[in-house]
Amino acid sequence: MLQYLAQGGVQALEDAWCLREKLIECDTYEEAFKKYEKIRAPRAGMVQRSARKWGEIIHAEDEVLKMVRDAVFERHKPTDYHVVDFLYGIFKKEKEVSGIQ
């Protein structure tokens, strides 16, 4: 996991939580791991891809991209988190998908 979204530890905690729930829910380890993977692989991949994009933006070398990045960051309000909302609404979404209470 790349560091740009500070998600390495968070992803590990989400993995542990999800796996625990699937182990409780399922009759076999195989079934639990398949369900766990079905839920976690897309999310972990999305977080990794997003972190990679943030790294490319932060470390841009192209002068035009740097100007665009700087202009966007300059206009960004410190209380606006919409670009990372996908990181923090996961438990509600996973509960809806998996039926976990």
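Trainee: Among contacts between residues at least 6 apart in sequence, what share joins residues at least 24 apart?

Mentor: In this predicted model, 65% of those contacts join residues at least 24 apart. A contact here needs heavy atoms within 4.5 Å.

Trainee: What makes up the secondary structure of the chain?

Mentor: The chain has five helices and zero strands. Read from the N terminus, the order is α-α-α-α-α.

Trainee: How many of the 101 residues count as buried, as a percentage?

Mentor: The buried share is 27%. The chain exposes about 7,500 Å² of accessible surface. Carbon and sulfur atoms account for 59% of that surface.

Trainee: Which residues make the largest nonpolar core?

Mentor: There are five: Leu5, Val47, Ala51, Val84 and Leu87. What makes them a core is the definition: buried residues of the listed nonpolar kinds, joined through side-chain atoms within 4.5 Å.

Trainee: What does Leu87 touch, not counting residues up to four places away in sequence?

Mentor: Leu87 touches Leu5 and Val47, which are both in the core list. Its other contacts are Gln7, Glu14 and Arg43.

Trainee: Now the salt bridges. How many does a search of the whole structure find?

Mentor: The search finds 11. As background, side chains of opposite charge can pair when their charged atoms come close.

Trainee: Why do the side chains of Asp15 and Arg40 count as a salt bridge?

Mentor: Their N to O distance is 2.6 Å. The cut-off is within 4 Å, so the pair qualifies. Asp15 sits in helix H1 (residues 8–25) and Arg40 in helix H2. The two are 25 residues apart, so this pair links distant parts of the chain.

Trainee: Is Arg40 buried or exposed?

Mentor: Buried. Arg40 has a relative accessible area of 2%, and buried means under 20%. Its partner Asp15 stands at 25%. That value falls between the 20% and 50% limits, so Asp15 is partly exposed.

Trainee: How do you know that Glu25 and Lys35 form a salt bridge?

Mentor: Their closest N and O atoms are 3.1 Å apart. The limit is 4 Å, so the pair passes. Glu25 lies in helix H1 and Lys35 in helix H2, so the bridge ties together parts that are 10 residues apart in sequence. Glu25 is partly exposed at 37%. Lys35 is partly exposed too, at 32%.

Trainee: What about Arg69 and Asp70: how far apart are N and O?

Mentor: The distance is 2.9 Å. That is within 4 Å, so the pair is a salt bridge. Asp70 is partly exposed, at 39%.

Trainee: Which residues do salt bridges that share partners join into one network?

Mentor: The network holds Glu14, Asp15, Arg40 and Arg43. Glu14 and Arg43 also touch Leu87.

Trainee: Why is Arg69 called buried?

Mentor: Its relative accessibility is 15%. Buried means under 20%, so Arg69 qualifies. Arg69 lies in helix H3. Leaving out residues up to four places away in sequence, Arg69 touches Ile57, Ile58, His59 and Ala60.

Trainee: Which residues form the nonpolar patch on the surface?

Mentor: The patch is made of Ile57, Ile58, Val64, Leu65, Met67, Val68, Val72 and Phe73. Together they have about 680 Å² of accessible area. Helix H2 (29–58) and helix H3 (63–75) are the elements that each give two or more residues. H3 gives the most, with six.

Trainee: What makes Val72 partly exposed?

Mentor: Val72, in helix H3, has 48% relative accessibility. Exposed means over 50% and buried means under 20%, so Val72 falls in between. Patch members need over 30%, so Val72 clears that bar as well.

Trainee: How many disulfides does the structure hold?

Mentor: Zero. A disulfide is a covalent bond between the sulfur atoms of two cysteines.

Trainee: How do you know that Cys18 is in no disulfide?

Mentor: The nearest cysteine sulfur to that of Cys18 belongs to Cys26, 9.8 Å away. A disulfide needs the sulfurs within 2.5 Å, so this pair fails. Cys26 is likewise in no disulfide.

Trainee: Are Cys18 and Cys26 buried or exposed?

Mentor: Cys18 is at 1%. Cys26 is at 8%. Both values are under 20%, so both cysteines are buried.

Conventions: Residues are numbered from 1 along each chain as its sequence is written. This is a predicted model: local features need pLDDT of at least 70, side-chain atom pairs count only at pLDDT 80 or more; totals for chains, interfaces and linings use all residues. Side-chain values use heavy atoms; hydrogens and water are left out. Buried means under 20% relative accessible area, exposed over 50%, partly exposed in between (1.4 Å probe, protein chains only). Patches are made of residues with over 30% relative accessible area and no salt bridge: like charges are joined within 9 Å, nonpolar side chains (Val, Leu, Ile, Met, Phe, Trp, Tyr) within 5 Å. Accessible areas come from the Shrake-Rupley method with a 1.4 Å probe; for residues, only the protein chains shown count as cover. Helices (H or I, at least four residues) and strands (E, at least two) are DSSP runs, numbered from the N terminus.
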